[in-house]
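Reader: Before I go back to the bench, I would like a close look at a single loop residue with an unusual backbone angle. Please start there and then work outward to the charged pairs and the nonpolar interior.

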Amino acid sequence: TVDGKVETLDTAPIGDPLFDAVLAEIADTEKRYKVDDWLRIIWGWPKLAKTIAEPLVHRGILREEQGRILGIFPRTTFPEVDGGVEDRLIARLHDAIFGDGEVDAWLATLIALARPTSVLDIPFDRKELKARKERLDALVESETLGVAVKRILEQTVVFIATTAASVAVVTSVS
């Protein structure tokens, strides 16, 4: 980052459609934004939900359903196949945030990605999260997170993992 704003150092595609699109967008945009701003920008992209959901459908975590709103407007939803996946993830997040024990790098990374987008407000009470601000800061800044992951967070907007924290949210795509 330069002055806290994201800048690309390498624009070579990495082979993931969403990551590659995000990287290209950052590289092609003259104005520089902070990571939080990029997350908000990308969250509003058309077809974002479908791009994120398709690999989860192929893995059997979500299923794709076609339907209509008011019997007129077509929509696609992606409900979860097994609520246990989300329940286990929320339990791990709860233990990490509201406990005091060690947290593995994967979970610390997920928390770091979910925090700026307020995704953690979905399963947890916002006031309780605010009360754990110091713990959340420590998790995000911990050695567990690792230097390489911190660099990724600073140089690219990596938020596919954010969606994993909200798998149960039914996403509509027109």
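Author: Leu-70 is exposed, because its relative accessible area is 73% and the cut-off for exposed is over 50%. This residue belongs to a predicted model, and its place there is the loop that runs between strand E1 (65–69) and strand E2 (73–77). The backbone of Leu-70 has a phi near 55°, which is a positive value in a residue other than glycine. Most residues other than glycine have a negative phi.

Another loop residue, Thr-29, offers a contrast in accessibility: Thr-29 counts as buried, because its relative accessibility is 17% and buried means under 20%. Thr-29 sits in the loop between helix H1 (17–28) and helix H2 (35–43), and from there its side chain reaches the backbone oxygen of Glu-25 at 2.6 Å.

Turning to the charged side chains, a search of the whole structure finds eight salt bridges, and three of them can be followed here one after another. In one of these, the side chains of Lys-50 and Glu-64 meet with an N to O distance of 3.1 Å. Lys-50 lies in helix H3 (residues 48–58) while Glu-64 lies in the loop between H3 and E1, so this pair ties together parts that are 14 residues apart in sequence. Lys-50 counts as partly exposed, because its relative accessibility is 24%, and Glu-64 is likewise partly exposed, at 35%.

A further salt bridge joins Asp-104 to Arg-92, with the closest N and O atoms 2.6 Å apart. Since Asp-104 is in the loop between helix H4 (83–98) and helix H5 (105–114), and Arg-92 is in helix H4, the pair ties together parts that are 12 residues apart in sequence. Here too the two partners count as partly exposed, with relative accessibilities of 36% for Asp-104 and 37% for Arg-92.

The pair formed by Asp-137 and Lys-133 is a salt bridge with an N to O distance of 2.8 Å, and these two residues both lie in helix H7 (residues 133–141), four residues apart, which is about one turn of the helix. Asp-137 is partly exposed at 28% relative accessibility, and Lys-133 is partly exposed at 47%. To return to Lys-50 and Glu-64, salt bridges that share partners join these two residues and Glu-54 into one network.

The nonpolar interior comes last. The largest nonpolar core has 19 residues, and those with the most contacts inside it are Leu-93, Ile-97, Leu-107, Ile-111, Leu-120 and Phe-124. Helices H4, H5 and H7 each supply at least two residues of this core, and the largest share, six residues, comes from H5. When residues up to four places away in sequence are not counted, Leu-107 touches Arg-92, Leu-93 and Ala-96; Arg-92 is thus a contact of Leu-107 as well as the salt-bridge partner of Asp-104. A second, separate core has eight residues, including Val-6, Ile-26, Ile-42 and Ile-52. In soluble globular proteins, nonpolar side chains tend to be buried together.

Terms used:
Residues are numbered from 1 along each chain as its sequence is written. This is a predicted model: local features need pLDDT of at least 70, side-chain atom pairs count only at pLDDT 80 or more; totals for chains, interfaces and linings use all residues. Side-chain values use heavy atoms; hydrogens and water are left out. Buried means under 20% relative accessible area, exposed over 50%, partly exposed in between (1.4 Å probe, protein chains only). A polar contact is a pair of N or O atoms within 3.5 Å; within protein, one must be able to donate a hydrogen and the other to accept it, and residues adjacent in sequence count only if both atoms are side-chain atoms. A salt bridge is a side-chain nitrogen of Lys or Arg within 4 Å of a carboxyl oxygen of Asp or Glu. A nonpolar core is a set of buried Ala, Val, Leu, Ile, Met, Phe, Trp, Tyr and Cys residues joined through side-chain atoms within 4.5 Å. Contact means heavy atoms within 4.5 Å.
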